[in-house]
Amino acid sequence: MQPEVLIADEAVSAPDVSVQAQVLELLERLREQLNLTILFITHDLRAAARLCDTMAVMLNGRIVEYGSAQEVFLAPKHDYPRALLAAAPRMRHFAPASP
């Protein structure tokens, strides 16, 4: 099979950080090798920053922020993503890798 889209819902919610890293590496390889679009659903900001080019942040079932990962992480427009980033101290100085 050669899917065009892969939906990964909380694929890195495992408590073991080494397993999370392996899953993210696998998803990155699949995306590159198969030219695959991944719908990556997560609560993990670091994982999203590592894997996503474009992001949508949801609050109560509604998208409140949408844009490139860089825009969302470096200059969020909505209060909710700002609060998420502020609550994750390690993310304050974190910038996603450029695509």
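## Salt bridge between two helices

Arg50 counts as partly exposed, its relative accessibility being 35%. The model described here is predicted. Side chains of opposite charge can pair when their charged atoms come close. Arg50 takes part in such a pairing: a salt bridge joins Arg50 to Glu28, with 3.1 Å between the closest N and O atoms. Arg50 belongs to helix 2 (residues 45–51) and Glu28 to helix 1 (residues 17–34), so this pair ties together parts that are 22 residues apart in sequence.

The partner, Glu28, has a relative accessibility of 18% and counts as buried, because buried means under 20% relative accessible area.

## Salt bridge within one helix

In total, the count comes to 2 salt bridges. In the other pair, the side chains of Asp79 and Arg82 meet with an N to O distance of 2.8 Å. Both residues lie in helix 4 (residues 79–87), where they are 3 residues apart, about one turn of the helix.

Asp79 counts as exposed, at 56% relative accessibility, because exposed means over 50%. Arg82 has a relative accessibility of 38% and counts as partly exposed.

## Nonpolar surface patch

Val5, Ile7, Leu39 and Ile41 make a nonpolar patch of about 360 Å² on the surface. At least two residues of this patch come from strand 1 (5–9), and at least two from strand 2 (37–41).

One of the patch residues is Ile7, which lies in strand 1. Ile7 has a relative accessible area of 57% and is therefore exposed.

Terms used: Residues numbered from 1 in each chain as written. Predicted model: local features only at pLDDT ≥ 70, side-chain atom pairs only at ≥ 80, totals over all residues. Heavy atoms only, no water. Salt bridge = Lys/Arg side-chain N within 4 Å of Asp/Glu carboxyl O. Helix = DSSP H or I, 4+ residues; strand = E, 2+ residues; numbered from the N terminus. Buried < 20%, exposed > 50% of the residue type's maximum accessible area, 1.4 Å probe, protein only. Patch = residues over 30% accessible without salt bridge, like charges linked within 9 Å, V, L, I, M, F, W, Y side chains within 5 Å. Areas by Shrake-Rupley, 256 points an atom, 1.4 Å probe, with all protein chains shown as cover.
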